[in-house]
Amino acid sequence: MPQLGLGVFRIPANDTERVVSEALEIGYRLIDTAASYENEAGVGRAIAKSGIPREEIYVITKLWNIDHTANIAPQAFQRSLDTLGLDYVDMYLMHWPIASAGLFVDIWRQFEQFKADGRTRSIGASNYRIQDLERIINETSVVPAINQIEVHPLFTQNALRGYGEKHGIVTQAWGPFGHTKINLFVEGAIPGIAAAHGVTPAQVLLRWYLQHGWPVVGKTENSAHLKENWDVFGFSLTADDMAALDAMNQNRRVGPDPDLVDA
């Protein structure tokens with residue numbers, strides 16, 4: 001799985017093909033979508049038109065909550081494949097645990113069958129808490145390959161990431177720029193570090209993930225920002241920079257709380 005990818009959350013369906021096509025041309029090879037984003041079709045069209053061998057593009061999509069609680073994961077998964085126009089995805093995630101419904105362990109067993117059938121190369125979780133991961137590990141036979149969660153300098157999720165590391169679950173970060181409720185570009189040490197390196201705050205943030213070894217998906221529909229966000233391999237943050245960014249943690253969640261998300 002590539003460490004840096006493009007997320008298409010809240011990119012309009014009629015603009016997704018353009019954005020993904022530009023991203024693939026720039027060099028992105030991981031595209032993260034979901035049934036609930038309602039733009040899987042645009043992702044699929046961009047991949048089909050790219051001329052890039054399918055095996056070189058890593059595609060993630062996700063089971064949405066209503067299909068989860070209705071216990072129709074097989075139909076929902078096939079619908080995503082059909083909408084994407086793909087025979088398989090590289091990673092299929094359960095978007096939220098919806099623990100109150102009490103179904104996610106049973107649905108995970110269906111995910112195991114999707115993997116066995118070859119329609120997804122790997123299966124994983126999204127927004128799972130430690131107690132949710134423990135149930136999957138203890139009650140089923142396949143450990144989630146990844147747990148895609150909110151991680152940024154204000155919310156480093158040390159305990160959850162540590163649990164993942166202990167059990168071989170890769171933490172993939174979403175919301176690297178603060179999701180929709182906060183502008184991380186002006187927070188704490190970030191502007192000063194960007195100025196010192198002659199780069200943008202977005203590049204500082206993405207570089208922070210890369211140097212920690214954490215996979216991350218960032219979202220933009222702006223052509224210039226797509227290029228800017230990819231141009232993070234030509235500089236390094238210093239040890240002091242990394243320490244300053246790590247010290248910003250406030251355990252401050254910006255996105256939805258899994259405890260409160262229901263179908």
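**Exercise 1. Pairing around β3**

Leu30 stands opposite Tyr58 in strand β3. This is a predicted model, where local features need pLDDT of at least 70, side-chain atom pairs count only at pLDDT 80 or more, and totals for chains, interfaces and linings use all residues. Residues are numbered from 1 along each chain as its sequence is written, and side-chain values use heavy atoms, with hydrogens and water left out.

Task: state how β2 and β3 pair, and over how many bridges.

Solution.
- Fix the elements. Strands (E, at least two residues) and helices (H or I, at least four) are DSSP runs, numbered from the N terminus.
- Apply the pairing rule: DSSP must find at least two bridges between two strands.
- Strand β2 (residues 30-32) meets β3 in the parallel sense, over three bridges.
- Turn to β4. Four bridges link β3 and β4, again in the parallel sense. Thr61 stands opposite Tyr92 in β4.
- Check burial (under 20% relative accessible area; exposed is over 50%, partly exposed in between; 1.4 Å probe, protein chains only). Six of the six residues of β3 (residues 58-63) are buried, and the strand is mostly covered.

**Exercise 2. Crossovers**

Task: determine the handedness of the unit made by β2, α2 and β3.

Solution.
- Point the strands away from the viewer. A crossover is right-handed if the path from the first strand over the helix to the second runs clockwise.
- β2, helix α2 (residues 40-50) and β3 form a right-handed β-α-β unit.
- Repeat for β4, helix α5 (residues 104-116) and β5: this β-α-β unit is right-handed.
- Continue along the chain. From β5 the path goes through helix α6 (residues 130-139) to β6, in a right-handed β-α-β crossover.

**Exercise 3. Strand β5**

Task: explain why β5 is described as largely enclosed.

Solution.
- Start with β4 (residues 89-94). Five bridges join β4 to β5, and the two run parallel. Val89 has Thr120 as its bridge partner in β5.
- Now take β6 (residues 146-150). Two bridges pair β5 with β6 in the parallel sense. Ala125 has Asn147 as its bridge partner in β6.
- Count burial. Six of the seven residues of β5 (residues 120-126) are buried, so the rest of the structure largely encloses this strand.

**Exercise 4. Three buried residues**

Task: decide whether Asp15, Asn127 and Gln157 are buried or exposed.

Solution.
- Asp15 lies in helix α1 (residues 13-26). Its relative accessibility is 17%, so Asp15 counts as buried.
- Find the partner of Asp15. Its side chain makes a polar contact with the side chain of Arg18 at 2.7 Å. Such a contact is a pair of N or O atoms within 3.5 Å; within protein, one must be able to donate a hydrogen and the other to accept it, and residues adjacent in sequence count only if both atoms are side-chain atoms.
- Asn127 sits in the loop between β5 and α6. Its phi is near 65°, a positive value in a residue other than glycine. At 6% relative accessibility, Asn127 is buried.
- Gln157 belongs to the loop between β6 and α7 (158-166). Its phi is positive too, about 50°, although Gln157 is not a glycine. At 13% relative accessibility, Gln157 is buried.
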